[in-house]
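Here is a set of short exercises to work through with the structure open beside you. Try each task by yourself before you read the solution.

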Amino acid sequence: MDIVRGKPAAGSGTRVIGLDIGGTKTQGLLLVDGIPAAEAMAGSANVQNVSPAQAAANLAEIFASLGAGAVQRVIAGSGGIDTDDDAAALRALISPHVPGAVVDVIHDTRLILAAGESPAGIALIAGTGSVAWGLSPAGEEARSGGWGYLLGDEGSGYWVGREAVRHTLRRFNLGQEPDELSALLLAACSVDEPEDLISLFHSAETGRRYWASKSAVVFAAAVQGSAAAQEIVAAAARHLAGLAADTARLLGIDGPVVVGGGLGMNQPLLQDRLRQDLERSGLTGIRFLTQDPVHGVRYLAGRDIQRG
């Protein structure tokens, strides 16, 4: 995929490129003297999701799309940046495209907080995966979750989709007819019988992004009144609020909480339940992003940030 906005011109001006590297796509933003000049989108450059060769190719597409001109700095936010080695590996993929530039590599949760223009607080991602990351006013950091779908990611799109599959199979085992949620899921997966979901779930043709996309079925069913779907949404909200609350306790802060990710930004029902659970946990300053996290680079570029 390739989306480009703006026509950046070569020449003078301080140029900063921001990258938001997700599991399915990479978003790029070019700032010239702090002003957005171009945006681009390509496939994922996260080596946990694609091969190093594919990641390099997608980064090349992003940098080519953002236009010519010397770049002084790159701020790249990506999931899976948990160690210095993780940061160094991503920096090695980026640096050949921006000779001489300073390359900051950070965890993508920092982009969430920055996009909310918060110097400190808790960033909560509810997307294909889930994680909370916090920064105290004193500069202390803490996180909760973000272990990946095999170990956690509770409340994420993948988790919601998987719970719908589990619900459907449980009803089948009990000899019950598919309910509203199950019927919608079977149709969305183009299968006739609940037991067909077992082989489909373990098929090489599906993966976490496929099942994360089925979370939309759960939200649709919940809006239509499905009690089972509503309980899955409520459980997702509880899990997500728990990530934020754990991070807040570790840092001794009570907010603000900036929520991003596909579910966090686009599912009103989840937002309502999540706000209630966050407030019940004593957290304040809750806000849901209305702009893509990559725009947090504008905020970070004006501040000194710890480099990964």
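The exercises below go from the whole chain to single strands, a helix and two loop residues, all in a predicted model.

**Exercise 1. The overall build**

Task: Work out how many helices and strands the protein has, and compare its radius of gyration with the globule rule.

Solution:
- Start with the secondary structure: the protein holds 12 helices and 11 strands.
- Next, take the radius of gyration, which is 20 Å, close to the 19 Å that the globule rule gives for 308 residues, so the protein is as compact as a globular protein of that length.
- For the extents, follow the C-alpha trace along its principal axes, where it spans about 70 × 40 × 35 Å.
- Then look at burial: 52% of the 308 residues are buried.
- Finally, turn to the contacts with a separation of 6 or more, of which 67% are between residues 24 or more positions apart.

**Exercise 2. Surface and charge**

Task: Find what share of the accessible surface belongs to carbon and sulfur atoms, and how far apart the centres of the positive and negative side chains lie.

Solution:
- The accessible surface of the protein is about 13,700 Å², and carbon and sulfur atoms contribute 50% of that.
- Count the charged side chains: 24 are positive and 33 are negative.
- The centres of these two sets are 4 Å apart.

**Exercise 3. Strand β2 and its partners**

Task: Decide whether the residues of β2 are buried or exposed, then identify the strands that pair with β2.

Solution:
- Go through residues 15-21: 7 of the 7 residues of β2 are buried, so this strand is largely enclosed by the rest of the structure.
- Now split the strand into its two faces. Arg15, Ile17, Leu19 and Ile21 are on one side, with Val16, Gly18 and Asp20 on the other, and both sides are covered.
- One partner is β3 (residues 25-32), which pairs with β2 in the antiparallel sense over 7 bridges. Gly18 has Leu29 of β3 as its bridge partner.
- The link between β2 and β3 is a hairpin of 3 residues.
- Another partner is β5, which runs parallel to β2 and is joined to it by 6 bridges. Here Ile21 is opposite Ser78.

**Exercise 4. Strand β8 and its two hairpins**

Task: Describe the burial of β8, and trace the hairpins that connect β8 with β7 and with β9.

Solution:
- Check residues 130-135: 6 of the 6 residues of β8 are buried.
- Sort the side chains by direction. Ser130, Ala132 and Gly134 point one way, while Val131, Trp133 and Leu135 point the other way.
- Look at β7 (residues 121-126), which pairs with β8 in the antiparallel sense over 6 bridges. Within this pair, Ile125 is opposite Val131, and a hairpin of 3 residues makes the connection.
- Move on to β9 (residues 141-145), which is antiparallel to β8 and joined to it by 5 bridges. Gly134 has Ala142 as its bridge partner in β9.
- In the hairpin between β8 and β9 there are 5 residues, and Gly139 in the turn has a positive phi of about 90°.

**Exercise 5. Helix α8 and its cover**

Task: List the buried residues of α8, and name elements that cover them.

Solution:
- In α8 (residues 215-223), the buried residues are Ser215, Val217, Val218, Phe219, Ala221 and Ala222.
- Their cover includes α4, α5, α7, α9, α10 and α11.
- Step past the end of α8 to Gly225, which has a positive phi near 105°.

**Exercise 6. Two loop residues**

Task: Place Gly69 and Val98 in the fold, and classify Gly69 and Val98 by their relative accessible area.

Solution:
- Gly69 sits in the loop between α1 and β5. Its relative accessible area is 35%, so Gly69 is partly exposed.
- Val98 sits in the loop between α2 and β6. Its relative accessible area is 4%, and buried means under 20%, so Val98 is buried.
- Beyond its neighbours within four places in sequence, Val98 is in contact with Phe63, Val71, Val74 and Val103.
- To get a sense of distance, take C-alpha to C-alpha separations: Gly69 and Trp159 are 43 Å apart, and Val98 and Gly252 are 39 Å apart.

Technical notes. Residues numbered from 1 in each chain as written. Predicted model: local features only at pLDDT ≥ 70, side-chain atom pairs only at ≥ 80, totals over all residues. Heavy atoms only, no water. Helix = DSSP H or I, 4+ residues; strand = E, 2+ residues; numbered from the N terminus. Rg over C-alpha atoms; globule rule 2.2 N^0.38 Å. Buried < 20%, exposed > 50% of the residue type's maximum accessible area, 1.4 Å probe, protein only. Contact = heavy atoms within 4.5 Å. Areas by Shrake-Rupley, 256 points an atom, 1.4 Å probe, with all protein chains shown as cover. Lys, Arg positive; Asp, Glu negative; His and termini not counted. Charge placed at Lys NZ, Arg CZ, Asp CG, Glu CD. Pairing = 2+ DSSP bridges.
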